[in-house]
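Open the structure in your viewer and keep the selection panel at hand. The stops below go from helices to the sheet.

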Amino acid sequence: MPITSGKGAKLPSHPRPTVRRRRLGGELRRMREAAGVSTEQAADRIGGDKSKISRQENGRQGVSKLEIEALFGLYGVEDEKLKTALITLAREGRRKSWWAQYSDTLQEMFQEQLSIESDAVRILLFQPLLIPGLFQTREYAEESIRGVEKTASDEQIESYVSVRMGRQDILRENAPQVVCVLDEAVLRRIIGGPKIMAGQLQRLIELNNPPRLSIQVIPFGQGWHAGLDGAFSIFSYPDPMDLDVVRQEYLDGALYLEEDGPVERYQLAFDQLRASALPSRQSMDLISQTARDLNKT
């Protein structure tokens, strides 16, 4: 998936909602409708207009602490735990993300991916082609990015690599649970030459630490499996507003799914993929053997 925004690209005046804003907006809409309050009444309470309420409920505009407290009063919200959670979401929705310094070069959809990824408490990954970005070494990442961004300068490539390395910070502090299933083809596809690939495989072995971070491999001998249609990821978020998001990759971008039906189908597919894969220890044996073979070449 391309990560650049393109020369001269401009972000829209009301950007894609982040996960925080989408969750907050959905809860505000639910509370307003449950209270029987119109958008006009809500707008009047915060001194705005209907379009502002619509943007807030769609996650395309932030909500200030004063505004959300005023809406709590109008909607009759008394649950202190819920109120605290929503105020926290509103504050974090205005937080400047670490990747903001790269926003002039990163595609808007890729910025959305970073937001979805950084907020999750659990990440399920299936990748049939490449090592996931969260696990890539700097050398592997550079080779992968150069393969896509063929016209980019060395300075731009370094910027994109820095973003990919920055993503991996979520694995170090308050890390989400991560479960990754790889097709064996990922191990066999030599990116950057045997030395770089062997180093990348060693990195997988170092990262594997079940149950916090588990890596499994579906061997070629398994034949058909539930992931032959392509890579996907499932991101889960904490209470009080449970939300799962599926990211399905395609050549020029990604599709995000949040409806219960599609999400449940992808969760079932991931369970089937794990069942098709070798257990974590045997997966590490396969990865280790593949790395040793590469070091002999």
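Helix axes are lines fitted to C-alpha atoms over the stretch in contact, and angles run from 0 to 180 degrees between N-to-C directions. Helices (H or I, at least four residues) and strands (E, at least two) are DSSP runs, numbered from the N terminus. This is a predicted model, in which local features need pLDDT of at least 70 and side-chain atom pairs count only at pLDDT 80 or more, while totals for chains, interfaces and linings use all residues. Residues are numbered from 1 along each chain as its sequence is written, and side-chain values use heavy atoms, with hydrogens and water left out.

**Whole chain.** Colour by secondary structure: the protein has 12 helices and six strands. Of its 297 residues, 48% are buried (under 20% relative accessible area, with exposed over 50% and partly exposed in between; 1.4 Å probe, protein chains only).

**Helices α2 and α3.** Select residues 39-46 for α2 and 50-57 for α3; the two pack at an angle of about 95°, with their axes 8 Å apart. That makes α2 roughly perpendicular to α3 (65 to 115 degrees; under 35 is roughly parallel, over 145 roughly antiparallel, the rest oblique). Show side chains for T39, E40, A42, A43 and I46 in α2, which meet K50, K52, I53 and Q56 in α3 (contact is heavy atoms within 4.5 Å).

**Helix α7.** Next select residues 138-148, where Y140, A141, S144 and I145 are buried. Seen down the axis of α7, these buried residues fall within an arc of 125°, so they line one face of the helix (the arc is that of the directions from the helix axis to the C-beta atoms). Add 154-167 and 194-207 to the selection: the buried residues of α7 pack against these helices, α8 and α10.

**The sheet.** Six strands form an open, mixed sheet in the order β3-β2-β1-β4-β5-β6 (two strands pair if DSSP finds at least two bridges between them). At the edges are β3 (213-218) and β6 (253-257), each pairing on one side only.

**Strand β4.** Which way do the side chains of β4 point? F232, I234 and S236 point one way, S233 and F235 the other, and all are buried. Five of the five residues of β4 are buried, so the strand is largely enclosed by the rest of the structure.

Add β1 (122-127), which runs antiparallel to β4 and is joined to β4 by five bridges; L125 has S233 as its bridge partner. Then add β5 (244-250), also antiparallel to β4 and joined to β4 by five bridges. Here F232 stands opposite Q248, and F235 is partnered by V245.
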